[in-house]
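Welcome aboard! Please open the model in your viewer and keep the selection panel handy; the stops below go one by one.

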Amino acid sequence: MPIDAAKALAAEPRSAEIAWDHKDVQLYHLGLGAGTPATDPAELRYTLESRLHVLPSFATVAGAGMGVVGGLSAPGIDIDLAAVLHGGQSITLHRPLPTGGRAVSTSRVAAVYDKGKAAILVLRSEAADDDGPLWTSDAQIFVRGEGGWGGDRGPSDRLPLPERAPDRTVERPVREEQALLYRLSGDWNPLHADPDFAKLAGFDRPILHGLCIYGMTLKAVVDTLLDGDVTRVRAYRTRFAGIVFPGETLRLRMWADAGRVQVAVTAADRDDAPVLADTVVEHS
């Protein structure tokens with residue numbers, strides 16, 4: 001079996017030093033569509049170094065970290081990357097992220113689940129600096145054709161939508177060049193830039209990064225329901241349910257309850273096709 005769950009779970013964690021500065025943060029925010037209108041004080045919090053705040057989803061790219069790729073080369077894992085899908089992402093914040101710094105990122109395989117016709121790997125990265133823990137990030141990786149060994153099926157994270165109208169509905173356009181800009185934060189997969197490669201993968205044209213949509217959604221929630229205060233975010237999780245093409249528009253429906261916001265994200269241009277599901281932002 002290409003996945004040896006026991007060996008993967010027992011493997012020693014891998015550690016590496018990561019670093020970032022305000023330019024990395026600004027580039028990431030611009031890749032999410034920040035800066036429109038360019039002189040809006042609310043947008044300058046994401047784009048101007050003298051006013052800069054860090055959106056917590058920056059943790060997924062800090063230090064140009066590609067922890068998912070590294071995790072897939074862990075002991076006990078020998079799989080075809082063509083069978084891999086990024087199924088979900090979660091982040092827990094231990095304190096607000098600084099606009100620049102150095103940290104040690106430690107990665108390991110935290111869980112391996114048997115879904116029958118597929119396996120799910122949970123790749124965990126924990127970052128800490130001299131002042132203590134910064135964040136814990138879990139990537140849920142869906143591997144087609146690698147299940148069926150009789151292992152733990154894992155938890156079900158499906159979250160039904162509230163049976164009431166959303167408290168807020170907003171739309172966010174995806175610029176034509178947005179994937180080209182977002183990939184400068186570290187994800188160089190040609191699926192998001194090369195039309196020929198995208199066609200080989202079964203798409204009419206390049207698609208937007210799932211983690212870009214993830215960041216855009218968090219920014220929309222912060223700007224709409226959290227008074228633009230990124231420090232209020234405590235945790236954020238989602239399941240990737242569909243794709244988005246540059247040039248399309250995201251429709252975000254938000255339900256606010258005490259200490260949390262549930263979000264459904266769809267592609268407005270394609271009859272509200274699901275994009276992100278089981279999405280929750282926990283906040284103070």
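**The whole chain**

Start with the surface switched on: the protein chain exposes about 13300 Å², and carbon and sulfur atoms supply 52% of it. Accessible areas here follow the Shrake-Rupley method with a 1.4 Å probe, and for residues only the protein chains shown count as cover.

A word on what you are looking at: this is a predicted model, in which local features need pLDDT of at least 70 and side-chain atom pairs count only at pLDDT 80 or more, while totals for chains, interfaces and linings use all residues. Residues are numbered from 1 along each chain as its sequence is written, and side-chain values use heavy atoms, with hydrogens and water left out.

Now switch to a C-alpha trace. Along the principal axes, the C-alpha atoms fill a box of roughly 55 × 50 × 45 Å. The radius of gyration is 18 Å, which agrees with the value near 19 Å for a compact globule of 284 residues; it is taken over C-alpha atoms, and the globule rule is 2.2 Å times the number of residues to the power 0.38.

Colour by secondary structure next, and you will find seven helices and 10 strands. These are DSSP runs numbered from the N terminus: helices are H or I with at least four residues, strands E with at least two. Of the 284 residues, 44% count as buried; that means under 20% relative accessible area, with exposed over 50% and partly exposed in between (1.4 Å probe, protein chains only).

**Helix α2 and its cover**

Select residues 22–31, which form helix α2; its buried residues are V25, Q26, Y28, H29 and G31. What lies over them? The cover includes β1 (14–20), α3 (41–47), α5 (178–182) and α7 (210–225). Just after α2, pick G33, which takes a positive phi of about 100°.

From there, go to K219 in helix α7. Is this lysine buried or exposed? K219 counts as buried because its relative accessibility is 9%. Show its surroundings: beyond its neighbours within four places in sequence, K219 is in contact (heavy atoms within 4.5 Å) with A34, E43, Y46 and L55.

**Strand β10 and its partners**

Select residues 273–283 for strand β10, where eight of the 11 residues are buried. Two strands pair if DSSP finds at least two bridges between them. Strand β7 (residues 233–240) runs antiparallel to β10, joined by six bridges, and R237 stands opposite V280. Strand β9 (residues 260–267) also pairs with β10 in the antiparallel sense, over seven bridges; there, V263 has T279 as its bridge partner. The hairpin of β9 and β10 has five residues between the strands, and D271 takes a positive phi near 55° in this hairpin.

Stay in β10 for E282, which is partly exposed because its relative accessible area is 34%. Not counting residues up to four places away in sequence, E282 touches R232, V233, R234, A235, R237, G259 and R260. For a distance label, join E282 to E163: the two are 119 residues apart in sequence and 20 Å apart, C-alpha to C-alpha.

**Last stop: I141**

Finish in strand β5 (residues 132–144), the place of I141. With 1% relative accessibility, I141 counts as buried. Draw one more label, from I141 to G76: these residues are 65 apart along the chain, and their C-alpha atoms are separated by 15 Å.
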